[in-house]
Amino acid sequence: MKLENLTVRRGQCPVVDGVDLTVAKGEFIGLIGPNGAGKTTLLRAALGLLPFEGQSSLASLPVAARARAAAFLPQGRDIAWPVGVADLVALGRGPHLAGAMTGADRAAVDHALDRMGLAGFRARQATALSGGEQARVLIARALAQDTPLLLADEPVAGLDPEAQLRCMQVFADLAAEGRGVVVAIHDLGLAARHCSRLVMLDKGRVVADGPPRAVLGAEHLAQVFHVRGYHAETPEGLVFQPIALVDRRY
Amino acid sequence: MWGFVPRSDRLTKAAALALRAAAAALVLCAPVQADTPARVVSINLCTDQLAMLLAAPGQLVSVTHLARDPLSSSMVAEASVYTINRGQAEQVFLLDPDLVLAGTYTSLATVDLLRGLGVSVLQVPPVTSLAEVARQVRLVGQALGQDEAAEAMAVAFEAEVAALQVTGPQATAAFYFASGYTTGKGTLADEVLALTGFSNAGAAAGVTGGGLLPLERLVLADPQVIVTATPYPGATRSEEILSHPALKAIGAETGARTDADWVCGTPHILRAIRRMAHLRATLAAAP
Amino acid sequence: MTRGRGITLALGGLVMGLFLASLLIGPAGLGLRDSLRALVTGQGEAVVLIMREIRLPRAVLGLLVGAVLGLSGAALQGFLRNPLAEPGLIGVSSTAALGAVLALQTGLAAAFALALPLAALAGAGVSVLLILALAGPRGGALALILAGIAISALAGAGTSLVLNLSANPFAVTEIVYWMMGSLADRSMLHVWLGAPFMLAGMALLLTLGRGLDALTLGEDAAQAMGVRLTRLRWVLILGTALAVGASVAVAGAVGFVGLVVPHVLRPLVGAMPSRLLPASALGGAAMVLAADVAVRLIAPEQDLKLGVLTALVGAPFFLHLIWRMRKVEA
């Protein structure tokens with residue numbers, strides 16, 4: 001995916017302002033920034049879900065081809081009807097279907113369910129599951145879409161630690177398989193620990209872009225998030241924890 | 001209009017009936033009006049027409065707006081010379097009537113109000129048989145102080161009804177109106193059918209007075225003649241049933257229409273009787 | 001999938017049984033064998049007329065009108081992601097009735113027969129557009145119900161006004177027909193007038209299954225799964241307007257079918273809109289045919305309105321749904 005000078009305006013004000021971003025295969029990008037920084041708008045514009053100026057390689061694809069190029073997990077766990085888990089995950093095969101589901105489609109659904117540890121949940125009603133289980137079902141749906149690129153908006157918000165770690169691990173695995181993954185995320189600790197690259201947005205602009213340790217530098221944190229944090233390189237990777245507020249009038 | 005040669009036996013019987021009816025009417029109306037009322041207002045379509053037929057020139061002051069509606073009134077032209085009222089007490093009172101003619105079941109509040117204001121009101125019941133037509137002519141004539149004219153009209157009416165009696169085998173007929181309404185036993189229309197040589201399929205289907213006759217049952221009854229109403233302007237679903245293909249397919253004679261002459265029990269019902277008698281005659285001619 | 005097929009078969013059987021019952025029950029009280037022989041062979045004059053010209057159009061229209069209402073209810077619910085959406089409740093039927101009444105009272109329908117269904121579907125189209133503008137998939141239940149109340153009230157008032165101003169004294173008594181619906185004394189003319197539009201509308205709505213399935217996960221997810229939302233919206237509007245408009249033009253506004261049927265069938269077919277659409281068409285046909293048989297059994301001599309029965313069943317369902325949503329939202 002390649003974005004060039006992408007700008008989204010609401011009225012006259014730019015909500016996303018001249019963003020350039022290229023996602024390569026195998027990258028797990030964390031899109032971070034305070035509330036209102038433009039993370040959701042950037043993801044939606046990149047997919048062509050709202051009008052924008054500039055270039056997006058995804059949005060310029062025809063609708064059907066785009067659906068085979070990128071899967072999107074919107075914010076929230078919005079499931080309108082009490083559908084079965086297997087049926088819901090099978091929705092991900094939609095862009096690949098010419099007629100009815102084939103054996104290959106069913107295999108892809110089974111694979112996605114297994115991967116999210118949902119094999120035993122096939123016949124359950126998606127709306128009757130816990131938040132963490134629903135999140136896994138929705139990710140399985142995106143996996144079933146089997147696209148080289150996955151965009152996810154706050155996929156781990158409101159989940160317990162087990163579910164958060166499980167989801168982040170799956171995203172990292174997907175990247176390791178050679179797919180591109182972009183996740184908008186508030187939890188800087190999870191972002192630092194799992195993402196291969198962070199993109200920090202503030203007021204619609206990219207403020208920092210690079211490896212987590214560099215992006216989560218003291219100056220960016222103070223300027224964008226008004227916090228300072230604690231970093232530690234451990235055998236399990238980078239550990240980061242925001243510690244205290246920084247005086248805004250520095 | 002009433003010229004004809006009556007058959008004497010029927011006339012005697014009719015005259016006897018008429019005398020009894022007139023006597024009853026006299027007893028009924030005696031307290032209402034001793035002398036001839038000078039200003040008469042009618043607030044009912046049927047009394048409108050009886051009054052127009054019987055009143056002396058200048059005696060009738062006002063009739064209802066319905067008297068000028070060609071779909072309801074047989075006397076549209078005659079009605080054009082009278083002041084129009086809509087049956088409201090205030091308007092009627094301002095016309096300063098000596099006598100108000102009203103129906104029995106309509107405008108009850110108006111009648112009460114007028115009586116309260118000291119206006120004398122004659123309530124005339126709806127007519128459900130041909131005998132009652134003559135009775136009512138006499139009743140209204142007496143109230144207007146036109147006894148002689150009324151008696152002559154009533155006798156002439158009875159005689160002509162008797163003369164129009166069709167004998168011989170009956171043909172089947174049914175009334176069929178909007179929404180599948182029909183007219184059954186115990187109605188003036190039913191008696192018109194019987195008089196002119198028809199049996200009423202609606203009455204045979206068990207309808208008394210007015211009532212619904214499902215289209216299926218009408219088709220089963222398979223009448224030779226279907227008498228419908230003249231459609232109003234502005235198409236409605238209720239009247240759509242009158243053009244239902246099944247109704248056309250039973251092959252009944254559907255040209256006959258009830259009209260203003262059927263609405264009230266006035267001597268104008270004779271026009272309806274003559275048309276039905278004529279229809280019966282054409283049916284007999286064409287097997 | 002086999003469970004879905006079993007339900008479809010069961011519903012199909014039910015519809016066939018009720019269709020037959022609709023043909024065999026009526027005030028004329030014909031014998032079973034006579035009726036069927038007359039229907040098939042055309043022998044036995046009056047009986048043939050009753051079967052072919054009175055009962056057959058009634059049964060066919062019951063089938064089509066019911067299918068239209070069930071299907072459009074399921075499709076509207078799928079698109080608006082709201083179980084309270086229903087052509088009657090959101091004002092589509094009442095605006096269609098207004099269109100039909102205008103066509104009749106202006107004499108347009110008398111001059112040009114197709115004006116009746118066309119005016120009704122124009123009316124239906126306007127209200128679907130309004131509803132989608134006022135309460136789209138993100139509009140929520142409250143916006144939907146309020147918009148529906150406003151549109152229904154406005155259209156109902158318009159219909160009453162037109163009928164009250166009519167020169168025809170029967171017009172006023174028909175307000176209840178346009179608001180409650182009836183299949184009494186319809187003829188094959190009405191079938192020919194309404195069926196093509198209803199079938200075309202249903203064909204359009206049945207193509208929406210996969211798109212509505214994807215909408216289960218929201219507009220963004222659906223679009224990212226390749227659903228063309230704008231196209232889907234227009235097909236929905238056109239399909240609903242065609243189907244509901246023509247059904248109201250020939251049978252009046254029968255309410256609650258599109259609410260009850262999808263609600264009952266949703267758990268049975270696993271809630272996916274693509275499976276709910278055809279099942280709701282069958283279920284709606286069954287419900288309207290059953291209601292139309294019932295009005296003939298309860299009051300054979302009166303023209304009891306269809307909508308009376310569907311509302312008696314449907315309104316408690318509606319309250320139940322609101323009660324449940326209230327608990328969820330609280």
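Let us start inside chain B, where 22 residues of domain 1 are in contact with 18 residues of domain 2. On the domain 1 side of chain B, at least two residues each come from helix H2 (45-54), helix H6 (130-143) and helix H7 (147-164). The division itself places domain 1 of chain B at 8-162 and domain 2 at 171-285. Please keep in mind that this is a predicted model.

Chains A and C also meet: 21 residues of chain A are in contact with 18 residues of chain C. On the chain A side, helix H2 (63-69) and strand E5 (70-73) are the elements that give two or more residues. H2(A) gives the most there, with 3 residues.

The two sets of contacts can be set out together:

| Contact | One side | Other side |
|---|---|---|
| Within chain B | domain 1: 22 residues | domain 2: 18 residues |
| Chain A with chain C | chain A: 21 residues | chain C: 18 residues |

Now to the nonpolar interior. Which residues touch the most other members of the largest nonpolar core? They are A:Val89 and C:Ala100, in a core of 197 residues. H3(C) supplies the largest share of this core, 15 residues. Leaving aside residues up to four places away in sequence, C:Ala100 touches C:Leu116, C:Ala119, C:Ala120, C:Val248 and C:Ala249. There is also a second, separate core of 84 residues, with B:Ala174, B:Val192, B:Leu215 and B:Val263 among its members.

Helix H9 of chain C deserves a look of its own. Spanning residues 188-206, H9(C) has 19 residues and reaches 26 Å from its first C-alpha to its last, close to the 27 Å expected at 1.5 Å a residue. Where does H9(C) have its kink of about 35°? The kink lies at C:Gly194, shortly before the proline C:Pro196. C:Gly194 is itself one of the buried residues of H9(C), and others include C:His190, C:Ala195, C:Phe197 and C:Met198. Further along, C:Gly201, C:Met202, C:Leu204 and C:Leu205 are buried as well. The partners against which the buried residues of H9(C) pack are four elements of chain C: helix H3 (45-80), helix H6 (115-134), helix H12 (229-251) and helix H14 (273-298).

Finally, chain A offers a neat strand pair. Strand E10 (residues 227-234) and strand E11 (residues 237-245) of chain A run antiparallel and are joined by 8 bridges. Between E10(A) and E11(A), a hairpin makes the connection through 2 residues. As one example of the pairing, A:Glu233 has A:Leu238 in E11(A) as its bridge partner.

Key. Residues are numbered from 1 along each chain as its sequence is written. Chains are lettered from A and ligands numbered from 1 in the order in which they are written. This is a predicted model: local features need pLDDT of at least 70, side-chain atom pairs count only at pLDDT 80 or more; totals for chains, interfaces and linings use all residues. Two strands pair if DSSP finds at least two bridges between them. The expected span of a helix is 1.5 Å times one less than its number of residues. The bend at a residue is the angle between axes fitted to the seven residues ending there and the seven starting there. A residue is buried if 20 or more other C-beta atoms lie within 10 Å of its own, exposed if 12 or fewer, and partly exposed in between; C-beta atoms are placed from the backbone. Two residues are in contact if their C-beta atoms, placed from the backbone, lie within 7 Å. A nonpolar core is a set of buried Ala, Val, Leu, Ile, Met, Phe, Trp, Tyr and Cys residues joined through C-beta atoms within 7 Å. Domain bounds come from an automatic or database domain assignment.
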